[in-house]
Amino acid sequence: MVEKVIVIGAGMAGLWTAMALAGSDREITVLDRDPPPPAGGPDAAFEDWQRRGVGHLRHSHAFLARLRTLVRDRHPELLAALHEAGVRELGFEGSLTAQHRKAYVPAPIDGDLAILTSRRTTLELVMRRYVETLLSVTMRPQTFVSDLKIVAGSPPRVTGVVLEDGTELSADLVVDAQGRTSQAPEWLGRMGAAFPETSEPCGVIYFTRHYRLLPGQEEPPRGMGSTTGDLGFLKFGVFPGDNGCFSITLCVPEVEEEMRKAIVDPEVFDAVCRQLPGLVPWIDRARAQPTSRVFGMGQLESRWRELAPNGAPAVLGFFPVGDCVVRTNPLYGRGCSFAAVSAYVLRDALIAGRDPAERLLIYRAGLERELRPYYDVMRKADQSAIRRARAALLPPRPATLRTKVLKSFLEDGVAIAIRDDVQLLREFLRGFHMLEHPQAWLKRPRNLAKIVRVWARGKAANAELYPVLGDTDRHRMLNAVGVSPTADEERVRAAA
Ligand SMILES: Cc1cc2nc3c(=O)[nH]c(=O)nc-3n(C[C@H](O)[C@H](O)[C@H](O)COP(=O)(O)OP(=O)(O)OC[C@H]3O[C@@H](n4cnc5c(N)ncnc54)[C@H](O)[C@@H]3O)c2cc1C
């Protein structure tokens, strides 16, 4: 029997769902509120594609090795099309430090540690065109879903969707890929079905500006300064893109209100970049010119929705994927990989059985197994970053010995050992890129021994291994770009 599947949303999770589920035993219809991509290539998509449904479409994106290996292994034609459109693969070799290079011998695993990088519009355009060629998939753009068809029961069962004009479409399965603003919880709530959620703020605001290399110019050589970094009061990163494009993201803690207000001004944005030695050559006007305003995005939160409270499915025939079910801090670049993985976990659950309750429980268990470990690590890192950003605005307090040792172990031990030892970098990246448990590498005694050895050598002996971040003093940087460093200090201190 051919199963009719409706997917609501043709963003990352919707496209991945179509790619994961396509086959002769399913008929898949993907509905999206937005228009299709404009005619033309990546530049037309970046400039003209109206995507009111994806507010973050023009923010920096990088696509982790987990996503790239899924494309490589399951959709090789898509990988070829991505290359053709200018999407780049940044390989493991590109993340080596000068110290690594002294002893680097390529290993087979290195081939799995590449990322895909491009403007998000480029990746989405090429994925979309690829999905359109899949035999069992129909795309319906400009189709706004305004409700679900639900049959009451315990639990209720979803049997289709209702469009804005009142048209009803029936399906055996409905996949919710509406992204972070999905209305499904409200629609289901009316029938007494709830996905209880836990959520917490990521504590940062994202600011992105796009640039393009001038004709004949190339990206600056790596190693002249860090192109990514975390100063506590500011995180930054360069995202190499496709077709001579790149973007820079500055990530400001929510508590830094003055900086947040100022940085949306392109002059201030570029002035901040000029304070960071690793970014200076990128935005040099002799090398590149800006191609966009500064895009800002706040209200970022981590959120996990429970599909089977107390082990009982909340609803049948309905599967949220991507941001609808788990949302994470964009800083870690895992959202699109989460979307891809959730689509494949769903595919496995649908293959495993036909009983709707069993399918939901298998899907839920797969999400817990495949995504929960990364989610928990990210949440903890966010909590610690929020504390650090706030502490930067308060008078310095003497740290306990435990805090000092832990901080030194992480900053002068773990972070530096990764920059020293190629094998350690590989194992760290396997966790970062979701190819194994995020903390597996830290639990291996040989890795801990390496870290302790590097830590014990001391800062002076390791001096050359530290990343070049420039002057990291908050007051000096903010003063240099015309932002008051004291206004937020006074506010936070008064409230403390
Ligand atoms: C600032 C920012 C930067 C990020 N950077 C990265 C990164 O570097 N790497 C990474 O992997 N992830 C990144 N992410 C996360 C990633 O973008 C998301 O996790 C991903 O887009 C989730 O995909 P999705 O399909 O669930 O939602 P979306 O991509 O948001 O797609 C939702 C789709 O549903 C459609 N839709 C919504 N409602 C309806 C409706 N009622 N009817 C019909 N259609 C509807 C929308 O039009 C849209 O097409 C970033 C996120 C943000 C906010």
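Between which two helices is the loop that holds His-75 found? The legends below, written for a predicted model, open with this residue.

**Figure 1. Surroundings of His-75 in a loop between two helices.** His-75 lies in the loop that joins helix H3 (65-74) and helix H4 (76-84). His-75 counts as buried because its relative accessibility is 6%, below the 20% that marks the limit for a buried residue. A polar contact of 2.9 Å links the side chain of His-75 with the side chain of Tyr-130. When neighbours within four places in sequence are left aside, the residues in contact with His-75 are Trp-16, Met-19, Leu-70, Tyr-130 and Tyr-344.

**Figure 2. The shell of residues around the ligand.** The ligand is surrounded by 36 residues, and the closest are Ala-13, Asp-32, Ala-62, Arg-120 and Asp-323. By class, this shell comprises 15 nonpolar, 14 polar and 7 charged residues. Helix H1 (12-21) and helix H11 (335-352) each contribute at least two residues to the shell. With 3 residues, H11 gives the most.

**Figure 3. Polar atoms facing oxygen atoms of the ligand.** A polar atom in the side chain of Arg-120 is 2.7 Å from an oxygen atom of the ligand. For Asp-323, an N or O atom of the side chain lies 2.7 Å from an oxygen atom of the ligand. In the case of Ala-177, a polar backbone atom is 3.3 Å from an oxygen atom of the ligand. On its own the ligand has 1000 Å² of accessible area, of which the protein covers 97%.

**Figure 4. Strand S6 and its pairing with strand S2.** In a regular strand, side chains alternate between the two faces of the sheet. Along strand S6 (residues 137-140), Val-137 and Met-139 point to one face and are buried, whereas Thr-138 and Arg-140 point to the other face and are not buried. Strand S2 (residues 26-31) pairs with S6 in the parallel sense over 4 bridges. Within S6, Arg-140 is the bridge partner of Leu-31.

**Figure 5. Val-137 in strand S6.** Is Val-137 buried or exposed? Val-137 counts as buried because its relative accessibility is 9%. Residues up to four places away in sequence not being counted, Val-137 touches Ala-18, Ala-22, Ile-28, Val-30 and Val-131. The C-alpha atoms of Val-137 and Val-5 are 9.5 Å apart, although 132 residues separate the two along the chain.

**Figure 6. Ile-248 in strand S15.** Ile-248 belongs to strand S15 (residues 245-253). With a relative accessibility of 0%, Ile-248 counts as buried. Its contacts, not counting residues up to four places away in sequence, are Ser-60, Phe-207, Thr-208, Arg-209, Tyr-211, Gly-237, Val-238, Phe-269, Cys-273, Leu-279 and Ile-283. One of these, Arg-209, is 39 residues from Ile-248 along the chain, and the two C-alpha atoms are separated by 5.6 Å.

**Figure 7. An open sheet of 3 strands.** Strands of a sheet pair through backbone hydrogen bonds, either parallel or antiparallel. Here the order is S11-S17-S19, and the pairing is antiparallel. Strand S11 (197-201) and strand S19 (326-327) are the edge strands, each pairing on one side only. Strand S17 (residues 301-305) is joined to S19 by 2 bridges in the antiparallel sense. The bridge partner of Arg-303 in S19 is Arg-327.

**Figure 8. Backbone features in three loops.** Most residues other than glycine have a negative phi, and most peptide bonds are trans. The peptide bond from Ser-154 to Pro-155 is cis, with omega near 0°. Pro-155 is placed in the loop between strand S7 (145-151) and strand S8 (157-163). Asn-310, although not a glycine, has a positive phi of about 55°. Asn-310 lies in the loop between S17 and strand S18 (318-320) and counts as exposed, with a relative accessibility of 85%. A positive phi, of about 65°, is also found at Met-434, which is not a glycine. The loop that holds Met-434 runs between helix H15 (422-432) and helix H16 (445-457). Met-434 counts as buried because its relative accessibility is 1%.

Methods: Residues are numbered from 1 along each chain as its sequence is written. This is a predicted model: local features need pLDDT of at least 70, side-chain atom pairs count only at pLDDT 80 or more; totals for chains, interfaces and linings use all residues. Side-chain values use heavy atoms; hydrogens and water are left out. A residue is near a molecule or strand if one of its heavy atoms lies within 4 Å of it. A polar contact is a pair of N or O atoms within 3.5 Å; within protein, one must be able to donate a hydrogen and the other to accept it, and residues adjacent in sequence count only if both atoms are side-chain atoms. Accessible areas come from the Shrake-Rupley method with a 1.4 Å probe; for residues, only the protein chains shown count as cover. Ala, Val, Leu, Ile, Met, Phe, Trp, Tyr, Cys and Pro count as nonpolar, Asp, Glu, Lys and Arg as charged, and the others, Gly among them, as polar. Buried means under 20% relative accessible area, exposed over 50%, partly exposed in between (1.4 Å probe, protein chains only). Two strands pair if DSSP finds at least two bridges between them. Contact means heavy atoms within 4.5 Å.
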